[in-house]
Amino acid sequence: MSEGTMTLFLQLDFAALLAAVMACLACGLLGNLLLLTRQSLLGDAVSHSVLPGLVLGFAVTGTRATLPMVLGAMLAAITAALLIALVRRLARLEAGAAMGVVFSGCFALGLVMMEVTGARAVDLDVDCVLFGQLEALIWPAATGPASLLDPAALSDLPQETRLLAGVLAFVLGGLALLWKELRLAAFDPDFAASIGFAPRGLSLVVLVLVSTACVAAFWAVGSILVIAALIAPPAIARLLTDDYRRQFLLSGVAALAMGAGGYAAAIAVPLMLGLSHGLNAAGMMAVVAALMLALAWTFGLYGHRRSRLSIA
């Protein structure tokens, strides 16, 4: 690759590709905790519920400043989780039904708030909500490979990319710090409580981690990819292994392949098919995740092959 081509790649594609990979990795790793505790739909609920918080942050400040919008989204996510618990207790609904009621209501509320507050005027519209704005993440300050080691140039990376880098570090730190406790709470919460750990407290920690990852990823890649990244990599790993440590490692690999492969496919497929228009990067990442899941189910030791052996 010539230096000119490399510079062009850094300016137009590097920030978006990096954001996609980090979003998939942060959500994919946390998705394991939801999958193992049978709460995968919680990620769907959180990713939809942040919309009212984002609009609220804009309504209060009148700008797309990161801090108020992230705080608003975090507040909305935690409120949605509390509402789910309240609906389950008062209406005695199954967890999935309670989550469906809350996240669909929150998402609808967010759409109404966008119209009422005029948030559409600042590029916070339905397309942005669903598909994100990866293609808008560019890095004009890059002048070549040396920019990757230049603090001044790195400080000019898009705000969404820098936010995702911080959130990914936060997620990795949280998982490393609470590795044993989260494992114990996921597989045997009663025993965890009997030896002094608080499963409810750990559940709150997981909620905060998931909410933070969803909020950071939501703005860049949209709700569709957030949901896919929370569910697909852990599901792929679960079809390939029944070991806790390998589950996280394989889900991380699947998340990396999902982010990088989907972004590359969004560029390559239109060229191969001779299309005159491009494909949405976030949508292609979800497609790549679905293809990997199908392969894992077909060839994995714990997927279709195990089903056939059980029938035999």
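**Figure 1. Packing of helices H1 and H7 in the predicted model.** Helix H1 covers residues 3–36, and its axis lies 9 Å from that of H7, at an angle of about 25 degrees. Angles under 35 degrees count as roughly parallel, and H1 is therefore roughly parallel to H7. The crossing of the pair is left-handed. On the H1 side, the contact involves Ala15, Leu18, Ala19, Met22, Ala23, Leu25, Ala26, Leu29, Leu30 and Leu33. These residues meet Thr161, Leu164, Ala165, Leu168, Val171, Leu172 and Leu175 of H7. Sorted by class, the contact of H1 with H7 has 16 nonpolar residues, 1 polar residue and no charged ones.

**Figure 2. Surroundings of Val167 in helix H7.** Helix H7 spans residues 159–177, and Val167 is part of this helix. The relative accessibility of Val167 is 7%, so Val167 counts as buried. Leaving aside residues up to four places away in sequence, Val167 touches Thr212, Ala213 and Ala216. In sequence, Val167 and Thr212 are separated by 45 residues. In space, their C-alpha atoms are 7.0 Å apart.

**Figure 3. Packing of helices H2 and H4.** Helix H2 is made of residues 40–61 and helix H4 of residues 95–117. Their axes come within 8 Å of each other and cross at roughly 25 degrees. This angle makes H2 roughly parallel to H4. H2 passes H4 in a left-handed crossing. From H2, the contact takes in Leu41, Leu42, Asp44, Ala45, His48, Ser49, Leu51, Pro52, Val55, Leu56, Phe58 and Ala59. From H4, the contact takes in Gly96, Met99, Phe103, Cys106, Phe107, Leu109, Gly110, Leu111, Met113, Met114 and Thr117. The contact of H2 with H4 divides by class into 17 nonpolar, 5 polar and 1 charged residues.

**Figure 4. Surroundings of Ser251 in helix H11.** Ser251 belongs to helix H11, which runs over residues 244–273. Ser251 has a relative accessibility of 0% and therefore counts as buried. Residues up to four places away in sequence are not counted among its contacts. The residues that Ser251 touches are Gly28, Leu29, Asn32, Pro233, Pro234 and Ala237. Among them, Leu29 is also one of the H1 residues that meet H7.

**Figure 5. Packing of helices H11 and H12.** Helix H12 comprises residues 281–299. The axes of H11 and H12 are 7 Å apart, and the two helices pack at an angle of about 125 degrees. H11 and H12 are therefore oblique to each other. The crossing in which H11 passes H12 is right-handed. H11 contributes Ala254, Ala257, Met258, Gly259, Gly261, Gly262, Tyr263, Ala265, Ala266 and Val269 to the contact. H12 contributes Ala281, Met284, Met285, Val288, Ala289 and Met292. By class, the contact of H11 with H12 consists of 13 nonpolar and 3 polar residues, with no charged residues.

**Figure 6. The protein chain as the setting of the close-up views.** The chain holds 13 helices and 0 strands. Of its 312 residues, 46% count as buried. Among contacts in the chain with a separation of 6 or more, 72% come from residues 24 or more positions apart. The chain exposes about 15000 Å², and carbon and sulfur atoms supply 69% of this area.

Technical notes:
Residues numbered from 1 in each chain as written. Predicted model: local features only at pLDDT ≥ 70, side-chain atom pairs only at ≥ 80, totals over all residues. Heavy atoms only, no water. Axes fitted to C-alpha atoms, helices over the stretch in contact; angles between N-to-C directions. Helix = DSSP H or I, 4+ residues; strand = E, 2+ residues; numbered from the N terminus. Parallel < 35°, antiparallel > 145°, perpendicular 65-115°, else oblique. Left-handed = near helix turned anticlockwise from the far one by under 90°. Contact = heavy atoms within 4.5 Å. Nonpolar A, V, L, I, M, F, W, Y, C, P; charged D, E, K, R; others polar. Buried < 20%, exposed > 50% of the residue type's maximum accessible area, 1.4 Å probe, protein only. Areas by Shrake-Rupley, 256 points an atom, 1.4 Å probe, with all protein chains shown as cover.
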